[in-house]
Amino acid sequence: MKIMIAPSILSADFSKLGAELRKVERAGADLIHVDVMDGHFVPNITIGPVVVKFMRQSTELPLDVHLMIQNPAKYVGAFVNAGSDMITVHIETVSLKELQSIAKRLKKSKVMLGISLNPGTALAKIKPALGIVDFVLVMSVNPGFGGQAFIPGAIEKTRQLRAIFAKDIAVDGGINNSTAKLVKQVGANVLIAGSYIFGAKNIKQAIDSLR
Ligand code: DX5
Ligand code: ZN
């Protein structure tokens with residue numbers, strides 16, 4: 001499978017977001033990962049659709065919007081209208097019925113749907129969703145902040161997921177050149193990285209090393 005690198009703009013300099021986007025785009029990023037946090041599902045607050053809308057005007061790359069929010073069904077429409085190409089919701093925040101209705105909404109707009117699960121959530125929890133979604137995002141840190149250490153349990157989880165899921169598998173949290181190797185070995189093909197990429201002296205080298 002094609003390995004895709006998705007810089008997480010959570011670690012970018014928000015005072016010059018447009019320039020940061022162009023920088024990772026030039027350095028070979030495949031997607032832009034956008035972390036949306038509501039202060040309820042996770043203990044941090046970040047950005048909403050209004051910022052996504054302006055990001056949309058600053059890059060050609062697909063916007064991969066990671067909703068770490070409660071009641072995502074209420075907000076997916078706004079994120080679609082803002083120009084998202086991919087939207088991930090957390091299994092901890094939706095019922096299967098809500099997920100089905102989100103899937104219908106996204107399909108209408110040709111936006112891809114991802115399901116994510118926290119490190120503490122068993123793989124079995126997302127099994128009923130696998131037939132509905134376009135990709136899975138495995139969290140390898142507890143969501144809320146960039147720069148945390150990779151939780152090794154994500155490796156076995158990804159391996160088990162790969163055995164039953166043929167589409168894209170993303171891993172998010174604590175990805176650097178050594179953890180990237182481990183998750184690729186077990187079948188992950190989308191690597192999301194914030195601090196490793198934006199903290200690098202040479203961003204192109206950082207992206208190449210993940211790939
Ligand atoms: C964590 C976010 C991640 C985070 C990754 O809550 O979902 O996308 O920005 O940052 P690093 O790569 O620094 O762990
Ligand atoms: Zn994320």
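A polar contact is taken here as a pair of N or O atoms within 3.5 Å, where, within protein, one atom must be able to donate a hydrogen and the other to accept it, and where residues adjacent in sequence count only if both atoms are side-chain atoms. The structure is a predicted model, in which local features need pLDDT of at least 70 and side-chain atom pairs count only at pLDDT 80 or more, while totals for chains, interfaces and linings use all residues. Residues are numbered from 1 along each chain as its sequence is written, chains are lettered from A and ligands numbered from 1 in the order in which they are written, and side-chain values use heavy atoms, with hydrogens and water left out.

A polar contact of 2.6 Å joins the side chains of Thr 121 and Glu 92. Thr 121 is found in the loop between E5 and E6, the strands (E, at least two residues) and helices (H or I, at least four) being DSSP runs numbered from the N terminus. With a relative accessible area of 13%, Thr 121 is buried; the term buried applies under 20% relative accessible area, exposed over 50%, and partly exposed in between, with a 1.4 Å probe and protein chains only. A second threonine, Thr 179, lies in helix H6 (residues 177-185) and also counts as buried, at 10% relative accessibility. A polar atom of the side chain of Thr 179 lies 2.9 Å from the backbone oxygen of Gly 174.

The zinc ion (ligand 2) is coordinated at 2.1 to 2.3 Å by His 33 through NE2, Asp 35 through OD, His 66 through ND1 and Asp 172 through OD. Donors are N, O and S atoms within 2.8 Å of the metal (3.2 Å for Na, K and Ca), and sites may look incomplete because water is not among the atoms. The angles among the six donor atoms of this zinc ion run from 72 to 170°, and the site is octahedral. Six donors count as octahedral, and four as square planar, if opposite donors are over 155 degrees apart and all others between 65 and 115; four count as tetrahedral if all angles lie between 85 and 135 degrees, and anything else is irregular. Along the sequence, the donor residues follow the spacing H-x1-D-x30-H-x105-D. Distant parts of the chain are thereby linked, with Asp 35 in strand E2 (residues 32-37) and His 66 in strand E3 (residues 63-68), 31 residues apart. Both Asp 35 and His 66 are buried.

Strand E2 also holds Val 36, which is buried at a relative accessible area of 4%. The C-alpha atoms of Val 36 and Gln 100, 64 residues apart along the chain, are separated by 21 Å.

Pockets and cavities were defined on a 1 Å grid over the protein atoms alone: a cavity is a set of points where a 1.4 Å probe fits but cannot get out, a pocket is an open set with protein on both sides within 12 Å along at least five of seven lines, and lining residues have an atom within 4 Å of a point. Grid points are joined across faces, edges and corners, and a volume is the space filled by probe spheres set on the points. The largest pocket has a volume of about 220 Å³. It is lined by 23 residues, of which Phe 145, Gly 146, Gly 147, Asp 172 and Gly 173 are the closest to its centre. The zinc donor Asp 172 is thus among the residues closest to the centre of this pocket. At least two lining residues come from each of E2, strand E8 (190-193) and helix H7 (195-198). By class, the pocket lining has eleven nonpolar, ten polar and two charged residues, where Ala, Val, Leu, Ile, Met, Phe, Trp, Tyr, Cys and Pro count as nonpolar, Asp, Glu, Lys and Arg as charged, and the others, Gly among them, as polar.

One cavity of 30 Å³ or more is counted, and about 50 Å³ of space lies in the largest cavity. Its lining includes Met 4, Leu 31, Asp 64, Met 86 and Phe 135. Strand E7 (168-172) is one of the elements that supply at least two residues, and E7 gives the most, with three. The cavity lining divides into nine nonpolar, no polar and two charged residues.
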